[in-house]
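Colleague: Could you take me on a close look at the place where the ligand sits, and at the strands and helices around that place? I would enjoy one connected account rather than a list.

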Amino acid sequence: MNTAYPRSAVFPGSFDPFTLGHYEIVQRALPLFDRLVIAIGSNSQKKTLYSLEKRLALIQKLFKDEPKVSVAAFGGLTAEFCREQKIPFLLRGLRSSADFDYEKSIAQLNHAINTEVDTVFLISSPHLSHISSTIVREIIMNKGDASAFVPAAIQADL
Ligand code: ADP
């Protein structure tokens, strides 16, 4: 394997905003990897509630005491980002069969683009599988209480 960091993974996403569902996937992945890069894809076509800078800052704050975790932003293809960073694994969370159907083709595509990258899936815990950034954005935009869905350490910043 032509990689400088054999036990490292990229956790890519929009994280608009980072939720308890994302947080649990990271926590459960930590024993599996020496290094985890939470990578915010800056897809210019996707309108986000929080700016890239804000999302970076929130996730950095959340993992400031976790030396294995770093946070980055990237443009372009996820598989190319893995190649540049010499990282062999992608991490994704699965909440449902709908997630699986979507993620299956993305994982196959990423492997086709970069044969040195494989996707590792973790299945969400049942009590978190209803959480999505979309729902959290909806609550926040309607001035509701999203505290049950986002990590306590960043609640006040949202
Ligand atoms: P994207 O816009 O790329 O789908 P998201 O920020 O919505 O990015 O999600 C990033 C990753 O986190 C995806 O793999 C998604 O399936 C996973 N994820 C999101 N919410 C949850 C949750 N509640 N439990 C487990 N995984 C989740």
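Modeller: Gladly; what follows goes from the ligand outwards to the strands and then to two backbone details.

Please keep in mind that this is a predicted model. The ligand takes up the space of the largest pocket. Around the ligand there are 17 residues, and those that come nearest are S14, F15, G93, L128 and I131.

Let us turn to the polar atoms. F15, one of those nearest residues, has a polar backbone atom 2.9 Å from an oxygen atom of the ligand. Two arginines bring in their side chains: an N or O atom of R92 is 3.1 Å from a ligand oxygen, while for R95 the distance from an N or O atom to a nitrogen atom of the ligand is 3.3 Å. As for cover, the ligand on its own has 550 Å² of accessible area, and the protein covers 88% of that.

Which elements supply the shell? At least two residues each come from β1 (8-13), α1 (20-29), β4 and α4. Two of these elements are joined directly, since β1 and β4 run parallel with two bridges between them. You can find this pairing at V10, whose bridge partner in β4 is L90.

On to the pairing of β4 with β5. Strand β4 covers residues 89-94 and strand β5 residues 118-123; the two run parallel, and six bridges join them. F89 has D118 as its bridge partner in β5. Further along, G93 is partnered by L122 of β5, and G93 is also among the residues that come nearest to the ligand. Helix α4 (residues 97-113) belongs to this picture too: together with β4 and β5, α4 makes a β-α-β unit, and the unit is right-handed. Both β4 and α4 thus appear twice in this account, as parts of that unit and as suppliers of the ligand shell.

Finally, two backbone details in the loops are worth a visit. In the loop between β1 and α1 you will find P17, and the peptide bond leading from D16 to P17 is cis, with omega near 0 degrees. The elements on either side of that loop, β1 and α1, each supply at least two residues of the shell. The other detail is K86, in the loop between α3 (78-85) and β4. K86 is not a glycine, yet its phi is positive, at about 60 degrees.

Technical notes
Residues numbered from 1 in each chain as written. Predicted model: local features only at pLDDT ≥ 70, side-chain atom pairs only at ≥ 80, totals over all residues. Heavy atoms only, no water. Pairing = 2+ DSSP bridges. Helix = DSSP H or I, 4+ residues; strand = E, 2+ residues; numbered from the N terminus. Right-handed = clockwise from strand over helix to strand, strands pointing away. Near = heavy atom within 4 Å. Polar contact = N/O pair within 3.5 Å; in protein donor to acceptor, adjacent residues only side chain to side chain. Areas by Shrake-Rupley, 256 points an atom, 1.4 Å probe, with all protein chains shown as cover. 1 Å grid on protein atoms, 1.4 Å probe; cavity = no way out; pocket = protein on both sides within 12 Å on 5 of 7 lines; lining within 4 Å. Sits in = over half its atoms within 2 Å of the grid points.
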